[in-house]
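Visitor: Could you take me in for a close look at one single spot in this protein? I'd like to see where it sits and what surrounds it in the bigger picture.

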Amino acid sequence: MSEIRNNWTREEIRDIYNLPVLELMYRSATVHRKYHNPQEVQVCTLMSVKTGGCPEDCSYCPQAARYHTDVEVHKLLDVETVLASANQAKESGSTRFCMGAAWREVRDNRDFDRVLEMVKGVNALGLEVCTTLGMLTEDQADKMKAAGLHAYNHNLDTSAENYSSIITTRTYSDRLNTLHNVRKAGISVCSGGIIGLGESTEDRIGMLYTLSTLPQHPESVPVNALVPVEGTPLQDQPKVEIWDMVRMIGTARILMPLAKVRLSAGRVKMTVPEQALCFMAGANSIFAGDKLLTTPNPEVQSDQEMFQLLGLFPMASKVTLETA
Ligand code: SAM
Ligand code: DTB
Ligand code: SF4
């Protein structure tokens, strides 16, 4: 039941997703316990190193230039500013630092050189370093690997069938091509999606099908609940039901047992008992800090209290373990 498989069928995935929810949770929790320590949760920090003004039209995103949102646009930050934040993130218990830029794709210019410096600096702090910068070529992926990049985040967001209703300025195969370049460069793959976009259950199954039938599963699968932002086309979407998050997380856990399944955007709207259900279903990572990229996230203090209450502890850094 829980061996690593890349030949899942849509029918199998549909059957898992549609199990009675408590049965799904029981099965995913069982897989979770076989492959992970269920008390351990990786704490990650996100930082937007270049905000807003993006030429893409992702209909959920407050950073797309064409939507009128309250996002404060800024150019690429200085290396020092970013490294100071990375250091703070480390001090507050994060072991992974992810830098995001509102770019359609990486260009071979000074900004990219600066991002490579950021990657080197964060790596030198002993943090896992991740970036999310849009589309990448093979050569750019190789350069990031050489700079010490651990992981690259590039979400599929929804199913292939639904993609063009959410984003028209690029295609699903553009997305898959970047994931291929990242994998080829030997960088760990972080790819997941968003629920609450107005997608059907079949779209959720389709996205999980694409992820779980890649030649190698992503090491990291973020499950985001849409944070509706005023000014974006999806501003009026209803709140995601907790049982939908549980089903996505649980199904991802069963399909990709080794992956870190990340309870990502949308936690501000979730209660502690709701988040507990997500951890029970197999989530083993959160983003900490009062901001994601541009939208609010729970305070570090309240997450620490939640961990205490649920008997969870932050995953220790590999660097600490090696030197201990
Ligand atoms: N520009 C790059 C790209 O699109 O890959 C990197 C940054 S982009 C903001 C990273 C991811 O954030 C998106 O793929 C999407 O899954 C997620 N995201 C953006 N806006 C969101 C929102 N309002 N709610 C939930 N997730 C969101
Ligand atoms: C991911 O899947 N979720 C994070 C991270 N990868 C980059 C981003 C969530 C962004 C939520 C909207 C915002 O704060 O701008
Ligand atoms: Fe740009 Fe990324 Fe936002 Fe799409 S999700 S508009 S590519 S920043």
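Guide: Let's start with one residue and then step back to the whole chain. Keep in mind that this is a predicted model, where local features need pLDDT of at least 70, side-chain atom pairs count only at pLDDT 80 or more, and totals for chains, interfaces and linings use all residues. Residues are numbered from 1 along each chain as its sequence is written, chains are lettered from A and ligands numbered from 1 in the order in which they are written, and side-chain values use heavy atoms, with hydrogens and water left out.

Our spot is Asp157, which has a positive phi of about 70° although it isn't a glycine. Most residues other than glycine have a negative phi. You'll find Asp157 in the loop between β4 (151-153) and α6 (163-166); helices (H or I, at least four residues) and strands (E, at least two) are DSSP runs, numbered from the N terminus. Asp157 is also buried, at a relative accessible area of 2%, where buried means under 20% (1.4 Å probe, protein chains only).

Now zoom out. The protein has 12 helices and 10 strands, and 56% of its 324 residues count as buried, just as Asp157 does. Its C-alpha trace spans about 50 × 50 × 35 Å along the principal axes. As for contacts (heavy atoms within 4.5 Å), take those between residues at least 6 apart in sequence: 76% of them join residues at least 24 apart.

Methods: Buried means under 20% relative accessible area, exposed over 50%, partly exposed in between (1.4 Å probe, protein chains only).
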